[in-house]
Amino acid sequence: MNNPTAALRAKPGLSAVVATAALMLAVTACSPTGNASASNPSGDAAAAGTGVPALEVNQAAVDLLPESIKASKVLRVAIPTNEPPTQFYREGTQEMTGTNPDVARLIGEALGVKVDIQVANFDSIIPGLAANRYDMTVSSMTPTEKRMEVLDFVDYMQIGNAIAVPKGNPGGIKDENALCGKKVGLLTGSYQLTVNVPSYDEACAAAGKDAIQRSEFQDTRQAISALTSGRLDTVLADSPILNFAATQNPGIEVARTYEFAPVGVGVPKDSGLVKSVSAALDAVIKSESYTKVLGKYGLETSAITDARVNFAQ
């Protein structure tokens with residue numbers, strides 16, 4: 001995901017309620033294909049039964065909203081799925097839950113607008129924002145200089161990288177330095193694929209070792225399935241997702257968790273949304289509601305205290 005600048009490295013715990021729900025979701029959830037999306041308007045999140053704590057409207061943030069959003073009173077938010085605990089469908093529904101949908105709903109509450117969650121493959125989100133299909137994304141997206149050419153970012157939590165391997169670690173993969181020549185599963189468009197792996201490959205070449213054999217997947221659940229079936233040696237992805245998967249799947253374990261740093265809400269540069277979202281997130285991360293949302297998914301250690309704007313990783 002990120003770079004080795006943050007201090008929090010403890011693996012988060014997981015509540016029994018979320019663990020049970022996600023275990024059932026691993027069987028029942030389905031992912032979109034291509035650019036397909038599913039709409040999930042949340043309205044008043046607390047009243048709609050999403051389990052998001054109430055948060056007062058922040059009038060200063062509302063005043064900064066673009067006129068188009070003030071008029072529609074709706075934020076279209078792009079989020080992937082099938083990756084508990086950060087984003088997944090509630091059992092037997094098309095309703096999104098997880099840290100990312102819940103943070104999006106808290107932003108909506110602070111801004112006094114409805115949040116219309118649009119499910120999208122991760123690699124289709126930035127093109128969708130550019131095409132005005134979405135207003136913003138809350139998808140554990142790492143702010144990079146390349147992404148910041150088209151998007152503004154506001155930090156909202158911090159997460160890291162994790163390396164998942166088969167139980168017992170038969171390949172002896174203890175860290176990123178052991179990935180040379182290995183079959184590695186990665187999320188299409190992810191920071192791990194676009195930034196980490198090219199850097200690792202340079203180190204492999206310098207050491208006279210084979211390059212990493214990359215396999216791309218539209219969601220991490222698919223990569224984990226390939227790992228447990230023996231088609232991959234390892235999966236490199238966001239730490240909350242792989243830590244959670246290891247608690248649900250006895251056939252895998254996490255060999256290493258590392259490089260914690262912030263991820264950000266992304267909005268198009270020409271949308272005029274960054275100031276209002278920044279003000280809203282500043283209120284969100286100082287609220288008890290933010291702490292409760294992260295705690296609900298066992299991610300208390302992912303909390304941040306500063307909603308920085310356009311801080312590249």
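In the predicted model, Leu281 touches Val103, Ile107, Val154, Asp155, Tyr156, Val265 and Ala307, when residues up to four places away in sequence are left out of the count. Leu281 is also, together with Met136 and Val265, one of the residues with the most contacts inside the largest nonpolar core, which has 42 residues. Apart from this core lies another one, of 14 residues, which includes Ala162, Ile224, Leu232 and Ile252. In soluble globular proteins, nonpolar side chains tend to be buried together.

Among the residues touched by Leu281 is Ala307, whose place is in the segment after helix H10 (288–296). Ala307 has a relative accessibility of 9% and therefore counts as buried, the cut-off being under 20%. Beyond four places in sequence, the residues that Ala307 touches are Val154, Asp155, Ser278, Leu281, Asp282 and Ile285, so that Val154 and Asp155 appear in the list for Ala307 as well as in that for Leu281. Between Ala307 and Ala279, which are 28 residues apart in sequence, the C-alpha to C-alpha separation is 8.6 Å.

For the protein chain as a whole, 10 helices and 11 strands are assigned, and 55% of the 313 residues count as buried. Of the contacts with a separation of 6 or more in the protein chain, 78% are accounted for by residues 24 or more positions apart.

The strand pairings include both parallel and antiparallel cases, as follows. Strand E2 (residues 74–79) pairs with strand E5 (residues 114–119) in the parallel sense over 6 bridges, with Val77 standing opposite Ile117 in E5. E2 is also joined by 2 bridges to strand E6 (residues 136–141), again in a parallel arrangement, and here Ala78 stands opposite Thr137 in E6. E6 in turn is joined to E11 by 2 bridges, and these two strands run antiparallel; Met141 stands opposite Gly264 in E11. Strand E11 (residues 252–268) is mostly covered, with 14 of its 17 residues buried, and E11 pairs with strand E7 (residues 151–166) in the antiparallel sense over 14 bridges. In that part of the structure, Pro166 stands opposite Ile252 in E11, and Ile252 is among the residues of the core of 14 residues.

A further parallel pairing involves strand E8 (residues 183–187), which is largely enclosed by the rest of the structure because 4 of its 5 residues are buried. E8 is joined by 5 bridges to strand E9 (residues 213–217), and the two run parallel, Ser215 in E9 being the bridge partner of Gly185.

With respect to internal voids, the structure holds 1 cavity of 30 Å³ or more, and the volume of the largest cavity is about 130 Å³. The lining of the largest cavity is made up of 18 residues, of which Ser140, Leu187, Ser190, Gln192 and Asp238 lie nearest its centre. The elements that give two or more residues to this lining are E6, helix H6 (191–206) and strand E10 (234–238), and E6 gives the most, with 3 residues. By residue class, the lining of the largest cavity divides into 8 nonpolar, 7 polar and 3 charged residues. E6 thus figures both in the lining of the largest cavity and in the pairings with E2 and E11.

Conventions. Residues are numbered from 1 along each chain as its sequence is written. This is a predicted model: local features need pLDDT of at least 70, side-chain atom pairs count only at pLDDT 80 or more; totals for chains, interfaces and linings use all residues. Side-chain values use heavy atoms; hydrogens and water are left out. A nonpolar core is a set of buried Ala, Val, Leu, Ile, Met, Phe, Trp, Tyr and Cys residues joined through side-chain atoms within 4.5 Å. Buried means under 20% relative accessible area, exposed over 50%, partly exposed in between (1.4 Å probe, protein chains only). Contact means heavy atoms within 4.5 Å. Two strands pair if DSSP finds at least two bridges between them. On a 1 Å grid over the protein atoms alone, a cavity is a set of points where a 1.4 Å probe fits but cannot get out, and a pocket is an open set with protein on both sides within 12 Å along at least five of seven lines; lining residues have an atom within 4 Å of a point. Grid points are joined across faces, edges and corners, and a volume is the space filled by probe spheres set on the points. Ala, Val, Leu, Ile, Met, Phe, Trp, Tyr, Cys and Pro count as nonpolar, Asp, Glu, Lys and Arg as charged, and the others, Gly among them, as polar.
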